[in-house]
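Here is a short briefing on one protein structure. Keep the sequence and the 3D view open as you read.

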Amino acid sequence: MSARVLGLGFGLALVTALGGCAVGNQLVAPHDEYRLYRAVHLAPTLEGRLAAANRYLHVAPDGAYAPEVKSWFKSAEQAYLVRAHDRLPMLTAYAQGLPDGPNIAEVQSRIDELKTTAAFNVAHVQRQGERVESIEAGLERASQQRKSFVAELSEWLGALAAVRSFGQPPSALPPALGQKLGLGDPALSCPLDLCVKSLAPRFAIPRDKGQLIPREAPYSVEIQLANGSVAAVRLRGRELFSRIGEALDLRPVSFADPQSRAEAIGRALALVGNGLGPTLGATTCERPAVSPVVLDHACDGVHVTVTAAVDAGDDDHVDFAPEAPPTPPAPPAPPKKH
């Protein structure tokens, strides 16, 4: 082979080698690689820079800028994940920007944990809200029950205080009282000369933390007959004055606590006084009260006494009867004989 041909071949081989070297540089640092590299520095958010670095390392793991990018990404990603540990938005941004990031499995697991916790907290708040609503509804219901109990008692007291038909048949009772009693034929509905209307209202009084103390306040309204005519009317109930005090003062009353019982009797007396109205309730009608009677009034042909139970479990009662005629003055003493 001639020297010219050898020279030409050597020249072609050199050009080919140089050209191959140029192509190799382009593969290591192409335009897209450089664009990703720039994004690592210029992305407007940290999440964007981490995403660019992650893409770069996937596209060009051996690229010209790989060592620099890898060093920055490793420390920046770890610092980001430490900050994002309890921050769902940051973890979500990582998962969206780095779906193939080196710690995507741990990030996704933490996202699931936080979402579960958030869902539990929402459910807990909802349950708390429902509990608060339930407590408020219970308190409101209890309040209405107490008001109804006191209002109904006041109506009964007012109706009984209006009775002036003593010595007359039950049909002569005030229409409002007869209607409340629901009297039919007294001979059929009033055995043993006693007409009874029994009631058992329930209410509750509040205590700490929205809890309620249930109470039952059974009482009865009685019409006592004598030979078919009204002899007396009465309202009575087991520890009724204690229940009145509880409904008005919203605190428990017990015979074991004499002060609470005394205060409850005072509250019941105020309620009875209002029910008696301006005539029977007037101070001019007062008479001396002897224990266990706590109020004694007589006016307008009616004698009313309020009696408080002495022992636990006994009845408190309010009695209405015809006023006794005035005692005639004693005849003058005969003159002394000398």
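The notes below cover salt bridges, nonpolar cores, cavities and one cysteine.

This is a predicted model, in which local features need pLDDT of at least 70, side-chain atom pairs count only at pLDDT 80 or more, and totals for chains, interfaces and linings use all residues. Residues are numbered from 1 along each chain as its sequence is written, and side-chain values use heavy atoms, with hydrogens and water left out. The structure holds 16 salt bridges. It also holds 2 cavities of 30 Å³ or more.

**Salt bridges**

- Side chains of opposite charge can pair when their charged atoms come close.
- In a salt bridge, a side-chain nitrogen of Lys or Arg lies within 4 Å of a carboxyl oxygen of Asp or Glu.
- E113 and R110 form one such pair, at 2.8 Å from N to O.
- Both E113 and R110 sit in helix α6 (residues 104-161), 3 residues apart, or about one turn of the helix.
- Helices (H or I, at least four residues) and strands (E, at least two) are DSSP runs, numbered from the N terminus.
- R110 is buried, at 18% relative accessible area, while E113 is partly exposed, at 41%.
- Buried means under 20% relative accessible area, exposed means over 50%, and partly exposed lies in between (1.4 Å probe, protein chains only).
- A second pair joins E216 and R202, at 3.8 Å from N to O.
- E216 belongs to strand β3 (residues 212-216) and R202 to strand β2 (residues 202-206), so this pair ties together parts that are 14 residues apart in sequence.
- R202 counts as exposed, with 59% relative accessibility, and E216 as partly exposed, with 41%.
- A third pair joins R236 and D315, at 2.9 Å from N to O.
- R236 lies in strand β5 (residues 229-238) and D315 in strand β8 (residues 315-322), so the pair ties together parts that are 79 residues apart in sequence.
- R236 is partly exposed, at 22%, and D315 is partly exposed too, at 28%.
- R215, E239, R243 and E246 are joined into one network by salt bridges that share partners.

**Nonpolar cores**

- A nonpolar core is a set of buried Ala, Val, Leu, Ile, Met, Phe, Trp, Tyr and Cys residues joined through side-chain atoms within 4.5 Å.
- The largest core has 46 residues, and F149, L235, F241 and F320 touch the most other members.
- Helix α6 supplies the largest share of this core, with 8 residues.
- Apart from this core lies another, of 25 residues, including L57, L81, L98 and V107.
- Which residues does F149 contact, leaving aside its neighbours within four places in sequence? They are P201, F203, A217, Y219, L240, R243, I244 and A247.
- Contact means heavy atoms within 4.5 Å.

**Cavities**

- On a 1 Å grid over the protein atoms alone, a cavity is a set of points where a 1.4 Å probe fits but cannot get out, and lining residues have an atom within 4 Å of a point.
- Grid points are joined across faces, edges and corners, and a volume is the space filled by probe spheres set on the points.
- The largest cavity holds about 40 Å³ of space.
- Its lining is made up of L153, L157, L235, L240, F241, I244, L271, V272 and V318.
- α9 (240-249) gives the most to this lining, with 3 residues.
- By class, the lining of the largest cavity has 9 nonpolar, no polar and no charged residues.
- Ala, Val, Leu, Ile, Met, Phe, Trp, Tyr, Cys and Pro count as nonpolar, Asp, Glu, Lys and Arg as charged, and the others, Gly among them, as polar.
- The second largest cavity holds about 30 Å³.
- G245, D249, R251, P252, V253, S260, E263 and A264 line the second largest cavity.
- α10 supplies the largest share of that lining, 3 residues.
- This second lining divides into 3 nonpolar, 2 polar and 3 charged residues.

**C285**

- C285 lies in the loop between α10 and β6 (293-299).
- C285 is buried, with a relative accessible area of 2%.
- Leaving aside neighbours within four places in sequence, C285 contacts T279, L280, D296, H297, A298 and C299.
- C285 and D296 are 11 residues apart along the chain, and their C-alpha atoms are separated by 8.2 Å.

Definitions and conventions:
On a 1 Å grid over the protein atoms alone, a cavity is a set of points where a 1.4 Å probe fits but cannot get out, and a pocket is an open set with protein on both sides within 12 Å along at least five of seven lines; lining residues have an atom within 4 Å of a point.
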